[in-house]
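Visitor: Could you take me through one part of this model up close? I'd like to hear about the place where the two chains meet, and then whatever helps to put it in context.

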2 protein chains.
Amino acid sequence: MQQLEYKGRVIKESFFNRKNINKYEAIFTQGNGYIGIRNSLEEHYVGEIRDTFITGTFNKASEDEVSELPNIADMSAVKIIIDGTEFSLTEGEITFYERSLDLSTGESLRNIVWKSPSGVRVELSFRRFVSLYNEHLFVQKVDLLCDSDVDIIIESGIDGSVTNSGAMHFEDIKRRVYEGKYMEYISRTTQSKVSVVQDAVCRLNKEAAVIPVMGRRTLANKYSLKLKANEKLEFEKRSVFFSTRDKELTVFLEDDRLEEAKKRALKLIIDIENTEYSELFKSSESVWKEYLKKSEIIVGTDDEYVKTAINFALYHLRIMVKADDNRVGIGAKALSGEGYKGHSFWDTELFILPYFTYTHPEIARTLLEYRYHNLYGARLKAKEHGYEGAMYPWECAWVDDGEVTPLYMGADIVTGEITKIWTGLIEHHITADIVYAIDHYYKVTNDIDYMENYGYEIIFEAALFWASRLEYIEDRDRYEIRDVIGPDEYKEHVDNNAYTNYMAAYTMKLALKNQDYLKNNNRKIYDALDLKLDIDYIKELIEKKLPKLYLPMPDKDGIIPQSDTFLQLKKLDISKYKNAEAVLGIYNDYNTKQLNEYMVSKQSDTVMLLYLFRDLFDYETRKKNFVFYEDKTLHDSSLSKSTHAVLANEFKFEEMAYKLFKGAISVDLGPNMKSSDEGIHSASIGGIWAIYVLGFGGVNIDKNGLNINPRLPKEWSFLEFPLIYKGSSLRVRIEKDNKVSIKKLQGNSVEIYIKGEKQLIK
Amino acid sequence: MQQLEYKGRVIKESFFNRKNINKYEAIFTQGNGYIGIRNSLEEHYVGEIRDTFITGTFNKASEDEVSELPNIADMSAVKIIIDGTEFSLTEGEITFYERSLDLSTGESLRNIVWKSPSGVRVELSFRRFVSLYNEHLFVQKVDLLCDSDVDIIIESGIDGSVTNSGAMHFEDIKRRVYEGKYMEYISRTTQSKVSVVQDAVCRLNKEAAVIPVMGRRTLANKYSLKLKANEKLEFEKRSVFFSTRDKELTVFLEDDRLEEAKKRALKLIIDIENTEYSELFKSSESVWKEYLKKSEIIVGTDDEYVKTAINFALYHLRIMVKADDNRVGIGAKALSGEGYKGHSFWDTELFILPYFTYTHPEIARTLLEYRYHNLYGARLKAKEHGYEGAMYPWECAWVDDGEVTPLYMGADIVTGEITKIWTGLIEHHITADIVYAIDHYYKVTNDIDYMENYGYEIIFEAALFWASRLEYIEDRDRYEIRDVIGPDEYKEHVDNNAYTNYMAAYTMKLALKNQDYLKNNNRKIYDALDLKLDIDYIKELIEKKLPKLYLPMPDKDGIIPQSDTFLQLKKLDISKYKNAEAVLGIYNDYNTKQLNEYMVSKQSDTVMLLYLFRDLFDYETRKKNFVFYEDKTLHDSSLSKSTHAVLANEFKFEEMAYKLFKGAISVDLGPNMKSSDEGIHSASIGGIWAIYVLGFGGVNIDKNGLNINPRLPKEWSFLEFPLIYKGSSLRVRIEKDNKVSIKKLQGNSVEIYIKGEKQLIK
C-alpha cells in the first residue's frame, strides 16, 4: 500500500506507521515564516522530533557550539485519556486513519476511528493551522465522539522540556496561569538573551472540572468530564508566540520589549478566546488565497504527483520566509527541523531566491537586504582570515553573526574520530553566489533603489575580497585560488576549482563594470561609496590581478577540469549509489579522505557554472561537459538534481530531464520515509519551482534581458506560470509545440525574447 | 490481576502496562551508591523517565536554578529491529511477560515472548546489573530467538540527549570510537565543571556488520546480521562511568583528573570486554552476599509482602549510599529519580541513619562526616541570615554548598501564581536533627574518635546557632522561636513549634553537657575547640538564654500545642484524604494559605518529638497526644507512617500499628502505580527498617543505654535482626510472647536492658 497520496492541492498520509512520523512532521510543517511548527502528532510517540521555531531567535547552547535556532516550548501536544487509557495509535486498534495537509490553506486534518484497548470505539478528528493572517497565532481543534459513556481527561498546555537534540537553550523560566485558564510561559535564551513569550488558552463545548498542572518546565490545564455515548466533544486551543526579537518590538527600548511582548500575548489570547475556529481559519485562508493568486502554476497533466509537487513547493516557499523582515534569512531546513541549525547557505541565493525574484520581488529584496546586513559578519570573517572586503560566512545565523559553521561533525567511519568540517573555513564561492543573485535580481526587477542602497556596496566589497584572496604563483606568473572547497563537497582542499575561479572573476568584472558605470552616470552614489570603500583602490587591485587569474579551459577532450586534480583521479563505478533509494550511502563505505581520491562529485559543480552562465562556453562544449559530469555526480545533495534537470532539458535529453525532474520533486515529497526527518530541503523546494519555470518554462536572463525558450515535456499539454519582470506582472502559458502566450496583468509594457525573437508585451 | 508480585527476595512485574513504567523504573533502580540507573526498559516508551546519576556531580543548570544531580548520558537503551520492525511492547502482541528484580543480587531479568506485527515469534530475555564489586560498571545481556529466519539490527551506545525534565547540564561534548568498538563519551557540567567519562563496548555471539552512528549528543554501534530460525543471538554490553569528582581521583591534580578518568575508563572497558556476563555478575553477587550477611532480617510469617518489604528496604538502603565517601549525602530520592534534585534533607539523619548506626556504623560515620564538611555551608547560611554558629541548609547538595532549596514550586491552585518555597528560609529544626543523630550515633557506637574529630564541633556550632536564633519577647520575659516551619509543612510561619523549641533546647543542653565534660575530662580537645569556637562564649550565651526559652507544656486537656495557634485552628474532616490512595490530594482542594488555617498536619510533628524522646513526658500524656495528633495527620509525607507505626505499637494500638506498618511498607512497594514516579522515598525506606527493628523489635537508646522492649505482631512467629552495639556484633531473635534471645557474633561483652532488665551479653 502506498503511504503517500497526492491530490493536487492536498497531500495525504493514508495509514499510520510510527516509523514514518518524522517524515510527516517535516513535510506537513505549518508556519508563516515567523513561526514554524513541525506537524508532530497531538499524542507523543517514541522517536518524534517535536520542534517549534521562531525565526531569528538564534542562541548558542554552550561556548563550544555555534548559534542555532532554538526549539521553543511545545504547544501542540494534547493528551486525551478515555476511561483511564491514554489515546495512542500504537495501542488499541486503528479502524480508520487519514491525515492530510491542504497546501492551499495550510490546514492539516487527521481523521481517526480508534478502538481503545478496553473496547471503546472513538472517532477523533484533529485540525490545526498556523495563521497567515496573524503570524503569532496557532490554532487547534479536536473533535471526539465515543460509542459508550466515558470519563474523559484532556490535558494540554505549554511544554518547555524540549531541546535541540539534547541541547537546552532556555533559562529563567517563568510560568503563570491567569484567571485559571490563560497560561503564560516565558523563557530566555541562555546566551543571546532573547525572551520568548508563549500564551495559550483552551476551551471545550462542555462543562468540565479544570485544574492547572505545573511541572518544572511545563504548564497545562487538565480538564475532566463525563461524556455520554455519541455526544460530540469539541476541544479547541489557541496558542500565541512572541519574542523580544520580533520586528514590531524593535521600536521599543530593549528593556521594555519583554513587558510589551507579555502584554501583547495576553491581549491577543483574550481577544481571540471566543472567536470560532472557523472564523480564525477563514482570515488565514484568505491570505493564503491572495498569495496563491500571485504564485499559482498550472500544469496540463493527469499526473497528480506532478501537480501536487509544485503546490507543495509553493506552500513551503511561503512558510519558509519572513516576508517583511530583512534581519532573517532562510534556513537550509527552513523552520521545519533542527537540521543545519536554521542557518542560511548559498542555497538561498542560488536555489530559492529565483522564485521570489520572478514572483515576489519585494520578498527577494528583503532577503537581499538581509545579506547587506550580513556585511558586518562578512567583513569580520575577511579580517579574521587575513583578507580584505567582505568574505561571506558559509553558514549564517542572526543578521550580524559572522561564520557559524560548526567545526566538527559525526565520526569518521575509518578512524572513529569526529570529523573536522572545512566548509566554514574554505568553501568561499558563496561570496560570489550572493553577488550573482543580486545581479540577477537587478536584471529581473530593475530595482535601482536596492542597488544604490545595498547592492553596489556588496558587489564592491565582495570583489575586494576576491582580489585579496587571489594567490600569485610565481613560476606560472598567474593568480590562482588554492585550497578551497567547490560546490562538490566530496573534494576538500582543491586548487583552482573551476566554479570558484570563474565566479570570482565574474564578481570582479562586475565590480569594474559598476565602477565605470557609476563614475560616469551616478556620481552621487559613486562618491559616497568611494568615500566609504575606496572604490578606486578596489579597481586598481582588480585591474592588477584579474587579467592574470587562471580560468580553467576545456582540455584536449573538451572537458573543463572541475579542479586541478579532478581529471587525474581514480574512476569509481557509482551506479550502486546513484540507484540507491537513500542518499549519503557512500559515506558508509568511504570516508572524506578516501572520497577525495575518486572522480566522483557530490553535486553539480562545473555543471552549476554551465547553468548560471549559458554563454560562457559554446553549446557543444557545455553539452559535452554536462554529459561528462552528470555521469560522475551522485546528487548526494538536494541542490543538485534540479540544476541537472534544467540542463538536461536544455540539451534535449528529454528522458533524462524528466527522470531528474521526478527525482528532484521526490526529495521531500517522494516515498523515501527517512530523507526529510531533520526538516524539508529548502533549496530543493526552490529547485522544484526552477524546473517548472526555468527548465520546462525556459525562462532565463542574459545580456539582452528576459528570454523564454520553453521545452514542454511530452507528458504535459500546457504549463502556466506567473512572472514579474521589471515590475510588470505577467501570466505565461506554454502549450504543445512550445507555443508561448503571455498576458500582462499589471504594469508597463516590457520587451521579452521569446524563442530568440524580441516581443513587446503590452 | 495484581500488577506486583512479592516473592521474598524477588519483586516481580507480572504484566506490561505502559502507564506503570515510571513506577518500575524507580523501584527497580540499580546502583551501588556511586551510580544509580533507573530501570528504564531497553526500548523507549513515551513518558519514560530515563535517568542515570553519578553521586556528587551536582550542577546548576542555570543561574536561576539550584544545584541538582544531573542526569548523565544514557547507556541502557538497546534498539532491536527485526525484519525492519523495531521491537516495542506497544506494538505487536505480548504472549508472555515477566520482569523481576532480585533484591539479594541486584540483577533484573525480563522474559518476553512477543509476536511482531509481521508475525515473527520472538523470545527475548534482558538481564542487567550494576556491579557492587566494581562501582564503575554496568552490564547488560540480551538473548533473542526467533521462529523464522530474520534480519536483525541491534543498535546501542551512549545517548547524551537526555535532560533533567528539560534542563541540560552538560557542554563540551566529546565523542570518539576506538578501534571501531570502544565508544567514549565525555561531557562537562556547565557550571560546576565536573567532567563525566562514559565508555561502552558491545559484543555478540555471531559475526555482524558494524558501523558507528553519531548524532549530536549520541554515539552508538549498529550491528546488522542475519539470524536463522531458532538460533539464539546473545548481545552483551558493558558500560563504565567515571567522573572527575570521583573520590579515587582526588589524589591527582585537578588538571590531570580528566585524563586519568579517560585512561581508567578505557582500560576497564578493554579489561572486561571478554569476561563473561556470568563472571562479572558473580563478583558483584558475592559482595551483595557479604552485605546481606551483615544486614539480614528474618520474619516468621507466611505473608510474602512482609518478608519482601524488609528485603526491598535493605536493597535500596545499600544502593542509596556511597559507603566510603564522606563528601556526599543521601538524596531524598536517592539515585532513583530527579525528585528533590538529589538533595539531602533531615530525612537522612532521622529516618535513614538509624539503620546504618545499628547495622553498618562505619557507613553511619561516613554520613555524619559529610555533615561535618557541610559545616562550611551551614556557617555560610547562618551568616546570611544574621545568626551565629552553624545553621544547616534545609536542602544540601555538594559538600560545601550552602542552602540549595529552590525558591519556587508549581502553581498555586487558587491564584495561578507559582508558589514560594519557605522551607529553605524558615524550616530550622534540621540543625537540631543532625545533632540528635550524632548524639544517637555516639550512644550506640561509642565512637569517641568521631566525636573528637567532628561531633563536638558540630554540636557546639549548632547550639550557638540556636542560642543566637532565640528571640527575647519582652512582655513575656521569655525567649521564643517565631516564624518557623516545623515538620508539619502545611503550617508555614508558625511561632513556637513545640518540636523545634524542644529540639533547640536539647541541642543547647547537650552543648552545655559536653562543655562541662570536655573541660573536666578531655582538656586537649576542649582547648582546641575553645580556640577555634570560643566555647566559653557559647556556654555563656546558652546559660543566659536557655532557662528562659519557652517550651510548650500540655494544656488543661493534656495536649501539647504543636505551635502557638494550632489548637485554635478550624477543624477539618480529613478522612476523605486519609483513605485516599493517592497522597497530596488535599492540595487539589486547598492552597498553602488555606491549609494554614485548619487543624490538620502533613506528617508527624509533635508526635516526632514523642518518638525521639521517650521520657520527655509521662506515658499517659504521650499516649493522649499520640491519639490526638494521629487523628489530624494526613501522612502526606512518606516520613510519617513509620514513626506513627512505631508509637502505635508502643502504645499497644496493635491493629492501628499493623495498619500503619502496612501503609509504610507500601509507599514504594505497594500497588499505587504513581507515587514513586520521581524516585523511591529514601526516608520511607529507612522507616521500613525502623518499624521492624525499632518498632516491633523494640530497640531504643535512653540514658541507661540500649533497651530492647519488643512487641511482636500477633501475625508473626518470630523476628530476627542484627545489631551492632558499642562495636559488638549481635544477632537478636524475638519469639512469641516477646521472648528475646541475643547471640554475640563478634566483639566485647555488652550490657543491654531487655524488657527493663539489665543483661550482660557475653
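Guide: Sure. One term before we start: buried area here is the accessible area, with a 1.4 Å probe, that two parts lose on being put together, summed over both. Keep in mind too that this is a predicted model.

With that in hand, chain A and chain B bury about 3,400 Å² between them, and carbon and sulfur atoms give 48% of that area. The contact draws on 42 residues from chain A and 42 residues from chain B. On the chain A side, the residues that lose the most area to chain B are Arg18(A), Val46(A) and Arg216(A), which together make up 18% of what that side buries.

Now for the charges. Between chain A and chain B the count is 8 salt bridges. For an example, look at Arg216(B), whose side chain meets that of Glu65(A) at 3.0 Å, N to O. There are also 12 residue pairs in polar contact across this interface, both residues at pLDDT 80 or more. As for which elements supply the chain A side, those giving two or more residues are β13 (170–178), β16 (209–214) and β20 (408–411) of chain A. The largest share comes from β13(A), with 6 residues. Sorted by class, that side of chain A has 12 nonpolar, 14 polar and 16 charged residues.

For context, there's another interface to look at, inside chain A itself. The domain assignment splits chain A into domain 1 (4–273) and domain 2 (298–696), with their centres, taken over C-alpha atoms, 36 Å apart. Here 48 residues of domain 1 of chain A touch 41 residues of domain 2 of chain A. The area these two domains bury is about 3,600 Å², 59% of it on carbon and sulfur atoms.

The rule finds 2 salt bridges across this domain interface, and 19 residue pairs in polar contact, again with both at pLDDT 80 or more. On the side of domain 1 of chain A that touches domain 2 of chain A, the elements with two or more residues are β1 (4–6), β2 (10–13), α1 (21–27), β3 (30–31) and β4 (35–37) of chain A. Of these, α1(A) provides the largest share, 5 residues. By class, this side of domain 1 of chain A has 19 nonpolar, 18 polar and 11 charged residues.

If you're scrolling around, you can also pick out a salt bridge between the side chains of Lys341(A) and Glu68(A), at 3.8 Å, N to O.

Key. Residues are numbered from 1 along each chain as its sequence is written. Chains are lettered from A and ligands numbered from 1 in the order in which they are written. This is a predicted model: local features need pLDDT of at least 70, side-chain atom pairs count only at pLDDT 80 or more; totals for chains, interfaces and linings use all residues. Side-chain values use heavy atoms; hydrogens and water are left out. Domain bounds come from an automatic or database domain assignment. Contact means heavy atoms within 4.5 Å. A salt bridge is a side-chain nitrogen of Lys or Arg within 4 Å of a carboxyl oxygen of Asp or Glu. A polar contact is a pair of N or O atoms within 3.5 Å; within protein, one must be able to donate a hydrogen and the other to accept it, and residues adjacent in sequence count only if both atoms are side-chain atoms. Helices (H or I, at least four residues) and strands (E, at least two) are DSSP runs, numbered from the N terminus. Ala, Val, Leu, Ile, Met, Phe, Trp, Tyr, Cys and Pro count as nonpolar, Asp, Glu, Lys and Arg as charged, and the others, Gly among them, as polar.
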